[in-house]
Amino acid sequence: MNITSKEIAEICGVSRGTVDRALNNRPGVSEATKQKILETASQLGYRPHFLAQSLVKGKTMSIGAVIFDINNQLFPQLINAVESRSREAGYFLNLTLTNKNPDIEQECLNHLADRKVDGIILLSVNTGAAFKQFIQRLNIPVVTFGNRVSKTVPHVWIDDRKAIRDAIAMLTAKGYEEIIYVSPPLSLRGKTNVYAVEQRFAGFQDALKKAGHLQSHVIGHKGYIEEIDNLLAQGGKRKAIFCTSDKYALKIWLHLKQNGVRVPEDVGLMGFDNIETLKYISPALSTISYSLETIGNQIIDCLIGQIEGRQVPMTTLVEHHIIKGESC
């Protein structure tokens, strides 16, 4: 059973007010009495009542995070940056995972709201007017990343559309005439929130219009390995495979290697995200990189800005750049 400030007061022969002043380092207590109270509290393992303190201060000094999962290495890297920045600012991070289930996502948001977190960072699979209203009714500052929910909710990410345009421009400059665009989440359009995926595809369409001569194939389903095999078997123009995530690029690279297809001699290959694993891949995979530490810092700074009642931008874009590896 937890020791209370009332019990400490009785043991020390002082009032609860005196105990409160001593424990919170406020004036009005002699140094001798203060030391006696602090020593007694320490010996008895006293811990202040968190929720009671939160009611007094108006803050729990905690932040909630709602994301898909931690299967993609990108997310653990980002959450690590978010947690570090939160801790620097004096906040604890509460992480919840949704497994891309829209109902579980709303349960996670309610769970965090019930625990009076001061703000929430959200990678959402929900979309639509009803969900926007749900977010507003939480009456808690929210910052989204990756998938945008609303133009009225602050969003921190990269310019996905421009990143794809830059990547395709590099591939065409290298002489590739045919692009195989691999983005399995495209199959979820209209079913769930895939804002970032849609922005990347829009960038690809922009690049095709600008290039004019490029031949393209879009693979927007999970059977991308088999379809790539069929396309490569047809021969023809110089091909490059562009993947909207490094995790797809690495699976494809392993499959090609196992089947005697050389990268980049037979086909070029490029990814997106520059995940940590790429440090151990040789030859180096070409990819699109951006600072997850910067994104994490911007997310928390934007969220704390809202918590403290400051005006924050509705859109914050972090710079990206292309890693020119040896795979294309």
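Contact means heavy atoms within 4.5 Å. The views below use a predicted model.

**View 1. The six-stranded sheet is open and parallel.** Its strands follow the order 2-1-3-4-5-11. Strand 2 (92-97) and strand 11 stand at the edges. Each has a single partner strand, so one side of each is left without a neighbour in the sheet. On average, neighbouring strands are turned by 20° against each other, direction ignored. Strands of a sheet pair through backbone hydrogen bonds, either parallel or antiparallel.

**View 2. Strand 1 pairs with the edge strand 2.** Strand 1 spans residues 62-67. Six bridges link strand 1 to strand 2, in the parallel sense. I67 has L97 in strand 2 as its bridge partner.

**View 3. Strand 5 sits between strand 4 and strand 11.** Strand 4 (residues 142-145) joins strand 5 in the parallel sense over two bridges. Here T144 stands opposite H155 of strand 5. Strand 11 (residues 315-318) also runs parallel to strand 5, with four bridges between them. In this pairing, I158 stands opposite V318 of strand 11.

**View 4. Strand 5 (residues 155-158) is covered on both faces.** H155 and W157 lie on one side. V156 and I158 lie on the other. These four residues are all buried.

**View 5. Helix 12 lies across five strands of the sheet.** The strands are strand 1, strand 3 (119-122), strand 4, strand 5 and strand 11. Helix 12 runs at about 160° to strand 4. Angles over 145 degrees count as roughly antiparallel, so helix 12 and strand 4 are roughly antiparallel.

**View 6. The largest nonpolar core holds 72 residues.** L171, I241, F242 and I252 touch the most other members. Helix 12 (residues 292-307) gives the most to this core, with eight residues. What is L171 in contact with, leaving aside its neighbours within four places in sequence? The list is Y176, I179, A240, F242, M270 and C328. A second, separate core has 16 residues, including C108, L112, A113 and V142.

**View 7. Helix 2 meets helix 3 at a crossing of roughly 85°.** Helix 2 covers residues 16-23, and helix 3 covers residues 31-43. Their axes come within 9 Å. The two helices are therefore roughly perpendicular to each other. From helix 2, the contact takes in T18, V19, A22 and L23. From helix 3 come T33, K34, I37, L38 and A41. The residues of this contact divide into six nonpolar, two polar and one charged.

How values were computed:
Residues are numbered from 1 along each chain as its sequence is written. This is a predicted model: local features need pLDDT of at least 70, side-chain atom pairs count only at pLDDT 80 or more; totals for chains, interfaces and linings use all residues. Side-chain values use heavy atoms; hydrogens and water are left out. A nonpolar core is a set of buried Ala, Val, Leu, Ile, Met, Phe, Trp, Tyr and Cys residues joined through side-chain atoms within 4.5 Å. Buried means under 20% relative accessible area, exposed over 50%, partly exposed in between (1.4 Å probe, protein chains only). Two strands pair if DSSP finds at least two bridges between them. Axes are lines fitted to C-alpha atoms, for helices over the stretch in contact, and angles run from 0 to 180 degrees between N-to-C directions. Angles under 35 degrees count as roughly parallel, over 145 as roughly antiparallel, 65 to 115 as roughly perpendicular and the rest as oblique. Ala, Val, Leu, Ile, Met, Phe, Trp, Tyr, Cys and Pro count as nonpolar, Asp, Glu, Lys and Arg as charged, and the others, Gly among them, as polar.
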